Structure formats: C-alpha cells, structure tokens
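Biologist: I have not looked at this one before. Can you walk me through it?
Modeller: Go ahead and ask as you read.

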Amino acid sequence: MFFTISKLVGNLLLPSNAITIAALVGGLLLLFRRRRIGGVVLSAALVSLVLVGWGPIGRMALMTLENRFPKPTIQGDVAGIIVLGGAVNIHSSADGGTIATNEAGERFIAAAELALRYPDARVILSGGAGHLLPGKLQTESALGKLLLVRVGIPASRIELEEQSRNT
C-alpha cells in the first residue's frame, strides 16, 4: 500500500505535473466563472513554467544539488561497485526492443568505467520493477546487466538485486 501511495503522491509532486495540475485547475475555475481566482492560478502556473521549466531557476537548483559535494578520489583497492536503480526506462526498453536510459543514464557509464579500471571489483545492480501495474517487463537491474555486458563487462562479475521497487 505504501508503495502505491508513494508512487501516486510522488508523481503529483513533480514540478512539471504540479504546474500542469495548477493550469488545469485555473482553466476549470475560469470555465465555472471564477475569473479572478482562475486567472491568478493560471497566471501562477504560467510564471512557474517560464521560471522553473524554461528559465534558469530549475537548472540552478539542480546544479546546486549536484555540486554540493566534491567528487571523491578513490585510493586503494575497490571490492565492489554499486549502481542504484532509476537509470533505465523499463517501458521504453520493452517497447523499443533496446535498453533505454533516462537522465540518470550516466550511472552506467560511470559503472562501466570503474569496472574496467578495477577488474577485480564485483558490480552490484540494484533495481526491480518500480511500476504500479504488474507486468512481464524486465527489471531495471536485468536491463542494466545487459547494457554492461554489451560494453565488455563480464556477466560473471555482475550481481543483481531485483526486489527493490523504490528508493
């Protein structure tokens, strides 16, 4: 139950979805002759779209988070490389017959680079089926394994954790 609620609420809280919902509410208010409040809500949605979606505010906020900590330097031996889920689009991969990554796809690039640099390290891929409706789709970690094998990482070095549905 918690998983379902977290998925639904999480989708509602995405800035792009929240702006869209605000615009729809504003439009409905205008339809029901609530011109003043409808105009305010619709205007706020438009301003939010321009500032956060098209303007620099969204990118600035993201860069602040991404640059918060310096990249660590690795010293000594590496026993394992853990790749968290969230980088593979399961549905697009199934529909297109290929492995489709999203904006977090650099996780697999970094994992491949590290796996090649540290040939004795195990590679652990975490990521199950994080979608609401059950189906026969492959898990994120299974698709990630296929991707890493295609770039030259031996399958014997890769372990899968396929039970997680959410971080």
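Biologist: Start with A112. Is A112 buried or exposed?
Modeller: A112 counts as buried, because its relative accessibility is 12%. Buried means under 20% relative accessible area, exposed over 50%, and partly exposed in between, with a 1.4 Å probe and protein chains only. Before going on, this is a predicted model, where local features need pLDDT of at least 70, side-chain atom pairs count only at pLDDT 80 or more, and totals for chains, interfaces and linings use all residues. Residues are numbered from 1 along each chain as its sequence is written, and side-chain values use heavy atoms, with hydrogens and water left out.

Biologist: Which element is A112 in?
Modeller: A112 belongs to helix α6, which covers residues 106-117. Helices (H or I, at least four residues) and strands (E, at least two) are DSSP runs, numbered from the N terminus.

Biologist: And what does A112 touch, apart from its neighbours within four places in sequence?
Modeller: A112 is in contact with L148, V151 and I153 once those neighbours are set aside. Contact means heavy atoms within 4.5 Å.

Biologist: Which other residues of α6 are buried?
Modeller: The buried residues of α6 are F108, A111, A112 and A115. They fall within an arc of 100 degrees seen down the axis of α6, so they line one face of the helix. The arc is that of the directions from the helix axis to the C-beta atoms. As background, an α-helix has 3.6 residues a turn, so residues three or four places apart point the same way.

Biologist: What is on the face of α6 turned away from that?
Modeller: I109 and R117, which are exposed, sit on the face turned away from the buried side of α6.

Biologist: What covers the buried residues of α6?
Modeller: The cover includes β1, β2 and α7.

Biologist: Does the length of α6 add up, or what should it span?
Modeller: The 12 residues of α6 should span 16 Å at 1.5 Å a residue, and the end C-alpha atoms are 16 Å apart, which agrees. The expected span of a helix is 1.5 Å times one less than its number of residues.

Biologist: Switching to the sheet. What is the strand order?
Modeller: The sheet is open and has three strands in the order β1-β2-β3, with parallel pairing. β1 (80-83) and β3 (158-161) are the edge strands, each pairing on one side only. Two strands pair if DSSP finds at least two bridges between them.

Biologist: How many bridges join β1 and β2?
Modeller: β1 and β2 (residues 122-126) pair over four bridges. G80 has R122 in β2 as its bridge partner, and I82 stands opposite I124 in β2. Four bridges also join β2 to β3, where I124 stands opposite E159.

Biologist: Where do the helices sit on that sheet?
Modeller: α6 lies across β1 and β2, at about 170 degrees to β1. α7 (residues 140-150) packs on the sheet and touches β2 and β3, with its direction at about 165 degrees to that of β3. Axes are lines fitted to C-alpha atoms, for helices over the stretch in contact, and angles run from 0 to 180 degrees between N-to-C directions.

Biologist: Which face of β1 is covered?
Modeller: I81 and V83 make up the covered face of β1, while G80 and I82 are on the uncovered one. Beyond four places in sequence, the residues that I81 touches include A111, L114 and A115.

Biologist: Which residues touch the most other members of the largest nonpolar core?
Modeller: In that core of 20 residues, they are I81, V83, F108, V123, L125, L148 and I158. The elements giving two or more residues to this core are β1, α6, β2 and α7, and α6 gives the most, with four. A nonpolar core is a set of buried Ala, Val, Leu, Ile, Met, Phe, Trp, Tyr and Cys residues joined through side-chain atoms within 4.5 Å.

Biologist: New topic, R33. Where is R33 found?
Modeller: R33 is in the loop between α2 and α3 (35-54). R33 counts as exposed, because its relative accessibility is 70%. Its phi is near 60 degrees, a positive value in a residue other than glycine. In general, most residues other than glycine have a negative phi.
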